[in-house]
Amino acid sequence: MSPSERFKALKGMKDIFAPDIFVWQKVESLARKIFSSYGFQEIRPPIAESTSVFTRSIGENTDIVEKEMYTFEDKGGRSVSLRPEGTASIARCYVENHLYNLPSPQKFYYTGPMFRYERPQAGRLRQFYQIGAEAFGSQLPETDAEVLSMLRHFLTGLGLKTLHFQVNSIGDEKCRPVFRQALLDFFGGRLDDLCDDCKRRYRINPLRILDCKVPRCIEARKGAPKVTDYLCSECRAHFDRFLELLGLLEIPHTVNPDMVRGLDYYTRTTFEVTSENLGAQNAVAAGGRYDRLVKEFQGPQTPAIGFAVGIERIVELLKLTGEHMLPTPDAFIASMGQRAGNEGLRMADRLRQGGLWIETGDYASSLKSQMRKADRLSARCVFILGDDELTTGRVKWKKLADSSQGEVALSGVPDFLLGLSRKSQE
Ligand code: HAM
């Protein structure tokens, strides 16, 4: 590590602070509100797990497990990994804590950092945050539609409009092997046309060839079999009903049979939400069904479905739309002289107890410089306290937005501020 890197954040890891943090808070609080209205409860699994939790679920031969995990040996000699995603941990927690004994479906949401050692670029980080949701215990396509509807409700609630919902079904353990064989037959005669990664994928997981971004592979897969033509009757019925429900809930979508996900645990429904305003890393959210995962962790056969949203990408989109409002102090108290400063401090304390955001000036500074500070903070209202105000018990106020001013009794300040915030909400 070079001396200049020693005291810097690691590559691909970012500090998050104002003003961005306000956008993050808005995103997280809307998620909590909306997910709760669908009956999802917060869950907080640890950030590190036994490596096998991820290798077993995400799949030994996926990019995430092969190349991207932060894996280390702890002091007790155990192989530990920082979580690259949330689903595996939640499924592990569901089994370990026998949550399957509770009434179904059990619905959870989580938010927090994930870690993948990827090549950092715009929208792709090594520590990134997800908000995810997982529902266990329902195999109904109604649940798939409800989960997608919740995701849409959340994204549109944030004010995001130009999003594309792509959906697919990748079948189950009954029909996927047939599709896999069809892919092997198709690509068998075209191996020389594929990139080196896809030559390897051909042997390990030929489905992954379908979403390779290398131009020669895009060319080579023209005319390749489509998974949706190979679904068994149960998977077909599930998918058809899911699509019908998307129509019923008026969720615009496209069926994309080439959308295969980079994690092995998926069965049947998969989906991705993309935005054209994000460049190469354009997926803002993704998810799907994983009906075998709980069993993989030695729990009872339990169908499940979920998704995760990439918070950085959502925040980026919100910053582009410019629709987010940064919070500003409800009031700034400027005071002249120590006595007025004392009163200002007392007044600020009382108002803060009522939940208001109050900033105070330095009574030893000039009124002009205190006003400049209030202006920089965009305080909605400034109160000016001096000896006269202490004598009369009335305080001067000034609204910075329209320069209107007046006086109010010291005891009437809380009501005055309440009135201001009511007006601004109208
Ligand atoms: P995923 O597609 O790997 O799925 O990630 C979900 C979302 O996380 C992506 O659509 C993207 O917005 C964000 N994301 C992924 N990697 C990065 C990165 N390196 N930098 C920034 N953002 C990133 C999952 O993680 C599954 N666990 C989703 C799921 C939940 N499926 C079922 N339940």
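## Briefing: ligand shell, cysteines and unusual backbone spots

A search of the whole structure turns up 0 disulfides. Keep in mind, as you look around, that this is a predicted model. The ligand makes a good place to spend time: 26 residues surround it, and the protein buries 95% of the 650 Å² that the ligand exposes when taken alone. A few backbone spots also deserve a look, among them a cis peptide bond from A18 to P19 and a positive phi at R268.

**Cysteines without a bond**

- The closest cysteine sulfur to that of C212 belongs to C198, and at 3.6 Å it is too far for a bond, because a disulfide needs the two sulfur atoms within 2.5 Å.
- C232 is in no disulfide either, with the nearest cysteine sulfur, that of C235, 3.6 Å away.
- C212 counts as buried, at 6% relative accessibility.
- C232 is buried too, with a relative accessible area of 12%.

**Around the ligand**

- The closest of the surrounding residues are E85, E118, R261, Y266 and A283.
- Y266 places an N or O atom of its side chain 2.6 Å from a nitrogen atom of the ligand.
- For Y265, a side-chain N or O atom lies 3.0 Å from a ligand nitrogen.
- Q130 faces a ligand oxygen instead, with 3.0 Å between that oxygen and an N or O atom of the Q130 side chain.
- Three strands, β6 (127-136), β10 (283-289) and β11 (304-310), each supply at least two residues of the shell.
- β10 gives the most to the shell, with 6 residues.
- By class, the shell holds 12 nonpolar, 7 polar and 7 charged residues.

**Cis peptide bonds**

- As background, most peptide bonds are trans.
- The bond from A18 to P19 is cis, with omega near 0°, and P19 is found in the segment before α1 (20-37).
- The bond from S104 to P105 is cis as well, with omega near -5°.
- P105 lies in the loop between α4 (87-96) and β5 (106-115).

**Positive phi outside glycine**

- Most residues other than glycine have a negative phi.
- H98 has a positive phi, near 50°, and lies in the loop between α4 and β5.
- At 43% relative accessibility, H98 counts as partly exposed.
- R268 has a positive phi of about 55° although it is not a glycine.
- R268 sits in strand β9 (residues 267-275) and is buried, with a relative accessible area of 14%.

How values were computed: Residues are numbered from 1 along each chain as its sequence is written. This is a predicted model: local features need pLDDT of at least 70, side-chain atom pairs count only at pLDDT 80 or more; totals for chains, interfaces and linings use all residues. Side-chain values use heavy atoms; hydrogens and water are left out. A residue is near a molecule or strand if one of its heavy atoms lies within 4 Å of it. A polar contact is a pair of N or O atoms within 3.5 Å; within protein, one must be able to donate a hydrogen and the other to accept it, and residues adjacent in sequence count only if both atoms are side-chain atoms. Accessible areas come from the Shrake-Rupley method with a 1.4 Å probe; for residues, only the protein chains shown count as cover. Helices (H or I, at least four residues) and strands (E, at least two) are DSSP runs, numbered from the N terminus. Ala, Val, Leu, Ile, Met, Phe, Trp, Tyr, Cys and Pro count as nonpolar, Asp, Glu, Lys and Arg as charged, and the others, Gly among them, as polar. Buried means under 20% relative accessible area, exposed over 50%, partly exposed in between (1.4 Å probe, protein chains only).
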